[in-house]
Amino acid sequence: MLIGVRDSGWIMLFSENNQEAYDNLIMAHRIAEHKDVQLPLMVCQDGFITSHSIENIELIEDEKVKEFVRKI
């Protein structure tokens, strides 16, 4: 999928670990739907390393995430 959209103008956020994947997913909605942007956005992560690693991540309360995403 990455190569298929590489030159298409999509925004791509790359995640090195699980925390970045989580954070990027939350930011992705707000960035892509901003009135000055309005472009497709994909969050990229290494499916093997992030799915086979054990690490703690800091989760944000659902209400705070919803409030952040709504501020578009």
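How much accessible surface does the chain have, and what percentage of it belongs to carbon and sulfur atoms? The accessible surface comes to about 5,700 Å², and 56% of it belongs to carbon and sulfur atoms; such areas come from the Shrake-Rupley method with a 1.4 Å probe, and for residues only the protein chains shown count as cover. What you are looking at is a predicted model, where local features need pLDDT of at least 70, side-chain atom pairs count only at pLDDT 80 or more, and totals for chains, interfaces and linings use all residues. Residues are numbered from 1 along each chain as its sequence is written, and side-chain values use heavy atoms, with hydrogens and water left out.

**View 1. The whole chain, with its four helices and two strands.** Follow the sequence and you meet the pattern α-β-α-β-α-α. Helices (H or I, at least four residues) and strands (E, at least two) are DSSP runs, numbered from the N terminus. Along the principal axes, the C-alpha atoms fill a box of roughly 35 × 35 × 10 Å. Of the 72 residues, 21% count as buried; here buried means under 20% relative accessible area, exposed over 50%, and partly exposed in between (1.4 Å probe, protein chains only). Take the contacts (heavy atoms within 4.5 Å) between residues at least 6 apart in sequence: 69% of them join residues at least 24 apart. As for pLDDT, the predictor's confidence in each residue from 0 to 100, the chain has a mean of 87, and 93% of its residues reach 70 or more. Among the elements, helix 2 has the highest mean pLDDT (94) and helix 1 the lowest (68).

**View 2. Arg6, in a loop between a helix and a strand.** Look for Arg6 between helix 1 (2-5) and strand 1 (11-15). Arg6 is partly exposed, with a relative accessible area of 48%. From Arg6 to Asn24 it is 18 residues in sequence and 18 Å in space, C-alpha to C-alpha.

**View 3. Ser15 of strand 1 and its contacts.** Ser15 has 10% relative accessibility, so this residue counts as buried. Setting aside neighbours within four places in sequence, Ser15 is in contact with Glu20, Ala21, Asn24, Val43, Cys44, Gln45 and Asp46. Zoom in on Ala21: its backbone nitrogen lies 3.5 Å from a polar atom of the Ser15 side chain.

**View 4. A nonpolar surface patch made by Met27, Ile31 and Phe68.** The patch covers about 210 Å². Patches are made of residues with over 30% relative accessible area and no salt bridge: like charges are joined within 9 Å, nonpolar side chains (Val, Leu, Ile, Met, Phe, Trp, Tyr) within 5 Å. One of the three, Ile31, lies in helix 2 (residues 18-32). Ile31 has a relative accessible area of 31%, so it is partly exposed.

**View 5. The two salt bridges of the structure.** Side chains of opposite charge can pair when their charged atoms come close. A salt bridge is a side-chain nitrogen of Lys or Arg within 4 Å of a carboxyl oxygen of Asp or Glu. Lys35 pairs with Asp36, their closest N and O atoms being 3.8 Å apart, and both residues are exposed. Glu63 and Lys66 also meet in a salt bridge (3.8 Å, N to O). Glu63 and Lys66 are three residues apart in helix 4 (residues 62-70), so about one helical turn separates them. Lys66 counts as partly exposed because its relative accessibility is 43%.

Notes
A polar contact is a pair of N or O atoms within 3.5 Å; within protein, one must be able to donate a hydrogen and the other to accept it, and residues adjacent in sequence count only if both atoms are side-chain atoms.
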